[in-house]
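The following exercises concern a sheet, a helix pair and a chain interface. Each task is followed by a solution in steps.

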Amino acid sequence: MMFSKKWGDFMYLTIDGIEKSFSNEKKENIKVLDEINIEVEKGSFVSIVGPSGCGKSTLLYLIAGLDKADKGEIRVAGKKVMKPGPERVVVFQEAGLFPWLTVLENVTYGLKLKKMPKKEAESKALDILKMVHLSRYVDSYPHQLSGGMKQRVAIARALVMEPDILLMDEPFSALDEQTRMVLHKELLEIWRKTKVTIFFVTHNIREAVQLSEKIIVFATRPGKIKETIYVPSMKDGVMPDSVTLHTEQRVLSILQEEIEKVLKEEMGNDYSFKTNHIHRDDSGDMGSHI
Amino acid sequence: MIAAIWEVTSRFSSLPDFMFPSLTQVFQTLFNGLMSGQITEAIGKSLGRILIGFTIAIIVGLILGYFIWRFKLVEDTLGFVVTALQSIPSIVWFPLAIIWFGLNDFSILFIVTIGATWTMTVNATSGFRNVPQLYQRVAKTYGSTGFHFLRTVILPASVPQIISGLRIAWAFSWRALMAGELLGGGGGLGQLLEMGRSLGQMDLVISVMIIIAIIGTIVDNVVFSRLERNVQLKWGVNQR
C-alpha cells in the first residue's frame, strides 16, 4: 500500500477507483463508469477508445471537473480535482469559440481571467497563434473561419494557459479527412514542442494509434478498462505502416467483442457480428458506434 | 398617390376643414409646430419619459430574467406570474397607477415601464436559458465563475434574443406612453393629441400622428435593425 501510494506520486494524472452513475428517464440507475484506475506520466499522450456510451467522455468531464464522480478521486499534478480550472482545459468536439469575440480575444480569454496584463496576454496569444499558423486571422471572428481553423483556435486557446494537462474530447471528429490529417501532424508537433500531457478521447482507432503512446480500450455498459496497449515508440521518426496497421488490428480485435455487445443490445440477440469482415473506411473510423 | 387622393377628397368633401384637413394644411401645421417649438417640446418630453421608463424596464427585466433563469423556485412562482402579467395591456394599469401615484408624470412613467418590463423579462429569461451548454462549459474550464461568468458569457451569448426583446419592449412602451399621455396629460405628444381634439384642430392631431409614426419607425428601423444587423455580421448569420 505504501509502495503504491509512493508510485502514485510519480504519476502526473491518477484516476483512482472512479465510479459514476446516471439515472435514466425511468429513474433507473445506470452505471457508466465502474472502478476506473488510470495512471498517466507527465508529458505523455494517452488516448481512450471505446464504443459510444462507454463513458469515455464522462471520464474526461470528471477530470475537467465539469462533473462529479460518485466514488473515487482524481489527482492532476498532485492536486485533487474539485472543480473546473484552467490547469485542466478541454478542447471539445465543436470548437466552442465565443462568436462575439475575435480570434485574439478568444485566445486571451483565459489569460485575462488570470489577471495577466493585456500586453503580456496578447503577445503570448500571438506566439501560440503563430504556432497553429493563424497569425493572419487574429482579428477575424469565428464565423469567418473554417472548421479546422476554429479547432486550431480552440487548441491555441487551451495551450496558451500552459495547462498541466490538455483534455481533448473527440476534437477532430467533426472535421473532414484532409483537415484531420493536417491537424494530427500539427498536434504531434505541438506536443513535442510543448511537452504538454495530453488525454485524448476518440472513437477513431487509427487516430488513436497515430497520435498516442498509450491507448486505453474501454468496455461498455458499464464503462470499464478492457485493456491498455502501448503503441510502439515513434518519437524518433516515422513509424512503418505495418506497425501502425498491426497495432490498429490489435485494438480492433479487442474492441470487437464490445461492438457486438452494443449491437446485440440495440438490434436484438439474433444479430451476429462477423469478425474480420467489418466495413471500415480509410480513416479507420468504424462509424459512430465505435 | 395617397397624398393626391387625400388632397383632392379633402378639398371636395363636405366635411369642414377642421375635421378633415387637407394635406397642405397638415404640413403647414406640422411646420409651424416644429418651428414654434410646440411639437419639438412635446417630442422632447415624450422621448425623455420613454428613455427613463425603457431603461428601468431593461434593467429590471434583465435582473428578473436572471433570477428566473438561475433559481428554480423563482421560475415556478414569479416566472408564471410574469407570463400572466405580460398579457395585460399596460394601459390597463393606469387606473391603479392614478390611485397609487396620482394623475401625474410618475403614473405615466409607471405604465411605460411596466409595459416593457414583462416582455423584457420573458425574453431575457429565454435568452439566458438558450445559452449553449458548450459556451458555459468552455468558460468554466477557464475558471470563470460568478459575476465574471455572467458578464462574459451569459449576457453576450444571449444578446440576439435580448435585442429582439428590446424591440418588442420598445413597441409596447411606445404605445403605453402615448395612451398614458393622452389620458394623463403633463405634456408630451399624447397630450398634444388630446389638445388638438379639444380645440378641434385635426391638422394638429394628424401632424402629431405623423411624428409618432416617424419616431416609431426610426427607432425600430435605425436603432434596433442596426443593432441586430451588427450582431449578425459579427457572429455570422447561421451562428448561434
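Two strands are taken to pair if DSSP finds at least two bridges between them. The model examined here is predicted.

**Exercise 1. Establish the strand order of the sheet in chain A and state how its strands pair.**

Step 1. Begin with S1(A) and S4(A): 5 bridges join these strands in the antiparallel sense. Within this pair, A:Leu13 lies opposite A:Val76 of S4(A).

Step 2. Turn to S2(A). Strand S1 (residues 13–23) of chain A is joined to S2(A) by 8 bridges, and the two run antiparallel. A:Thr14 stands opposite A:Glu39 in S2(A).

Step 3. Add S5(A), which pairs with S4(A) over 2 bridges, again in the antiparallel sense. A:Val76 has A:Lys79 as its bridge partner in S5(A).

Step 4. Assemble the pairs. The result is an open sheet of 4 strands in the order S2-S1-S4-S5 (chain A), with antiparallel pairing. Its edge strands are S2 (29–40) and S5 (79–80) of chain A, each pairing on one side only.

**Exercise 2. Describe the connection between S4(A) and S5(A), and identify the helix that packs on the sheet.**

Step 1. S4(A) and S5(A) form a hairpin, with 2 residues between the strands. In the turn, A:Ala77 has a positive phi of about 50°.

Step 2. The helix in question is H2 (residues 56–64) of chain A, which touches S1, S2 and strand S4 (71–76) of chain A. The direction of H2(A) makes about 65° with that of S2(A).

**Exercise 3. Characterise the packing of H3(B) against H6(B).**

Step 1. Two packed helices are described by the angle between their axes and the distance between the axes.

Step 2. For helix H3 (residues 38–70) and helix H6 (residues 105–129) of chain B, the angle is about 35° and the axes are 6 Å apart.

Step 3. The crossing of H3(B) and H6(B) is right-handed. Its contact residues comprise 19 nonpolar, 7 polar and 2 charged.

**Exercise 4. Which elements of chain B give two or more residues to the side that touches chain A, and what is the residue composition of that side?**

Step 1. Count the residues in contact, for which C-beta atoms placed from the backbone must lie within 7 Å. On this criterion, 16 residues of chain B contact 18 residues of chain A.

Step 2. The contributing elements of chain B are helix H7 (133–141), helix H8 (146–157) and helix H11 (202–235). H7(B) gives the most, with 6 residues.

Step 3. By class, the chain B side contains 7 nonpolar, 6 polar and 3 charged residues.

Conventions: Residues numbered from 1 in each chain as written. Chains lettered and ligands numbered in written order. Predicted model: local features only at pLDDT ≥ 70, side-chain atom pairs only at ≥ 80, totals over all residues. Contact = placed C-beta atoms within 7 Å. Nonpolar A, V, L, I, M, F, W, Y, C, P; charged D, E, K, R; others polar. Axes fitted to C-alpha atoms, helices over the stretch in contact; angles between N-to-C directions. Left-handed = near helix turned anticlockwise from the far one by under 90°.
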